[in-house]
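Trainee: I'm new to this one and don't want a tour of everything. Could you pick a single part and take me through it closely?

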Amino acid sequence: AAYGTAEVDERLDPPEIRHRHAVHEAGHALITYLDSKDNIPPEYCSVVKRGGTHGIMVRAFEAHERISDDLSYQDITHNIRVAIAGRAAEHLLLGAFDASARGARGDLKTATNLAGSLFGSWGHSDDLSSDEAAGSNLAVLIGKATDSECLHVEKKIRDYLQLQFGIVLEMLKEHTELLEKTVMTLNEKTILVKEDFIQLLHDIELERL
């Protein structure tokens with residue numbers, strides 16, 4: 001269901017090649033768990049290639065951010081963080097020059113669209129440090145955006161995504177051990193389900209005792 005209903009051949013790269021894909025998907029998976037409202041591990045994660053994808057991560061079916069029909073500002077921010085987490089994980093574990101050139105394009109389109117909706121369509125501010133700042137962006141886009149409106153929203157999008165990238169990177173750095181263990185296990189098994197993530201968390205806790 002996650003891949004759609006069309007019949008597409010599955011392919012599996014050798015471990016040394018799919019390692020980068022495992023890093024990417026593990027980043028999504030870890031931020032889905034760490035940053036979610038209920039701290040629920042993802043339902044499914046895979047580095048099996050299918051169609052035009054090198055892997056996939058599916059958040060838990062019962063996750064608040066998935067089932068709520070009235071998401072908050074923080075919920076949208078969470079979804080942005082999950083979207084950019086694959087690129088952030090590659091940056092952290094592989095380095096900027098070895099991150100996939102185009103592998104995060106779909107994720108970044110999602111993050112850009114969400115941020116654009118926050119600041120262009122829904123009237124939220126990227127600065128919530130004061131009452132005045134929170135009310136500084138209440139004029140929403142109506143009809144075709146003017147050049148100045150496009151520039152205004154675009155700057156907010158770029159600044160916000162940069163800020164969230166830094167926050168995600170710090171979260172991954174704080175849990176590098178769990179990230180690396182998830183990458184290794186995902187690369188070996190090629191598919192992880194929720195119970196596998198729970199076992200990984202349990203193993204990490206045991207190792208720290």
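**Salt bridges, starting from one helix**

Mentor: Let's start with Asp159, which is partly exposed at 33% relative accessibility (buried is under 20% relative accessible area, exposed is over 50%, and partly exposed is in between, using a 1.4 Å probe and protein chains only). Bear in mind that this is a predicted model, where local features need pLDDT of at least 70 and side-chain atom pairs count only at pLDDT 80 or more, while totals for chains, interfaces and linings use all residues. Residues are numbered from 1 along each chain as its sequence is written, and side-chain values use heavy atoms, with hydrogens and water left out.

So who does Asp159 pair up with? Its salt-bridge partner is Lys155, with the closest N and O atoms 2.6 Å apart (a salt bridge is a side-chain nitrogen of Lys or Arg within 4 Å of a carboxyl oxygen of Asp or Glu). The two sit four residues apart in helix H6, so about one helical turn separates them (helices, H or I with at least four residues, and strands, E with at least two, are DSSP runs numbered from the N terminus). Lys155 is exposed, at 52%.

Now step along to Lys156, which makes a salt bridge with Asp126, their closest N and O atoms lying 2.9 Å apart. Lys156 belongs to helix H6 (residues 147–174), but Asp126 is in the loop between helix H4 (105–121) and helix H5 (131–134), so this pair ties together parts 30 residues apart in sequence. Lys156 is buried, with a relative accessible area of 13%, whereas Asp126 is partly exposed at 24%.

For another pair, look at Arg81 and Asp35: here too there is a salt bridge, and the closest N and O atoms are 2.9 Å apart. Arg81 comes from helix H3 (residues 73–94) and Asp35 from helix H1 (residues 15–35), so they tie together parts 46 residues apart in sequence. Both Arg81 and Asp35 are buried.

Glu43, Glu62 and Lys194 are worth finding as well, since you can look at them as a group: they are linked in a network of salt bridges.

And how many salt bridges turn up in the whole structure? The search finds nine, and the pairs Asp159–Lys155, Lys156–Asp126 and Arg81–Asp35 are among them. If you want to trace them yourself, go back to helix H6 and begin with Asp159 and Lys155, four residues apart.
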